[in-house]
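Q: Please take a close look at one buried position in this protein, and set it against the background of the whole chain.

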Amino acid sequence: PVWCYAADAASWLAMVAALAGIRTPLQTGGPGGGWSLETVLAGARFVITQPVIFWFMVLDFGATLFGSPNALLPVFARDLLQVGPTGLGVLYAAIAVGGLLAATWLSVGRGVDRAGRWVVAGVMVYGAAIAGFAVCHNFWLATLLLGVSGVGNAVSAVLRGTSNQLLTPDHLRGRVGAVNNAFVMGGPQLGQALQGGIRAGTLVGIRQLLPVRDPAGGQVGRG
């Protein structure tokens, strides 16, 4: 529907307006320089030498590579939960709603101590929720679990991003951010391609493409 795309566009305009309202002057100078292979590799080398940043990226990549359900949601909605297009929209929205609630809580809170533990806890909550969703046969419970996965993912993502910014020197933030985007955006996309390729080339049960097997042991959702 048109109003859905209008709402999405409005949300992006709100973000642009917020960025335009930032009055902090841009930093100048520093050991930047022009483009070269050396500058491209500098961000990767820095990440490798920083255990906190590096393992946060690996943690996120692994969780989303093997646990992202987005590519499979249409099959769950049509064949397993049997809720049709409307139910599919609710499933997709549940993840976003969970993420929005977690981001709101983090934005109004006083701050988080021991961010590393919260990052690990967020990934564990995300993984447990996706595992529960994989064996769930009730639509509303599945929706709740996806919402919980959104909460865990958002908590982990926000705190990882903040840690990366605080631990990275100003002149390397853009390059480290590029490396981080390769992990953050590459994990889910590769995971979805992997799930689709396995599903297309085999008769493996659709639930078995997520972290756990169907407890009945059957090939649920065969093609």
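A: What follows centres on Asn164 and its surroundings. The model is a predicted one, in which local features need pLDDT of at least 70 and side-chain atom pairs count only at pLDDT 80 or more, while totals for chains, interfaces and linings use all residues. Residues are numbered from 1 along each chain as its sequence is written, and side-chain values use heavy atoms, with hydrogens and water left out.

The protein has eight helices and zero strands, where helices are DSSP runs (H or I) of at least four residues and strands are runs (E) of at least two, numbered from the N terminus. Asn164 belongs to helix α7, which covers residues 139-167. With a relative accessibility of 6%, Asn164 is buried, a term that means under 20% relative accessible area, whereas exposed means over 50% and partly exposed lies in between (1.4 Å probe, protein chains only). Of the 223 residues in the protein, 35% are buried.

Leaving aside residues up to four places away in sequence, Asn164 touches Ile53, Met57 and Asn180, a contact being heavy atoms within 4.5 Å. With Asn180, the side chain of Asn164 also forms a polar contact of 3.4 Å; such a contact is a pair of N or O atoms within 3.5 Å, and within protein one atom must be able to donate a hydrogen and the other to accept it, with residues adjacent in sequence counting only if both atoms are side-chain atoms. Across the protein, 72% of the contacts between residues at least 6 apart in sequence join residues at least 24 apart.
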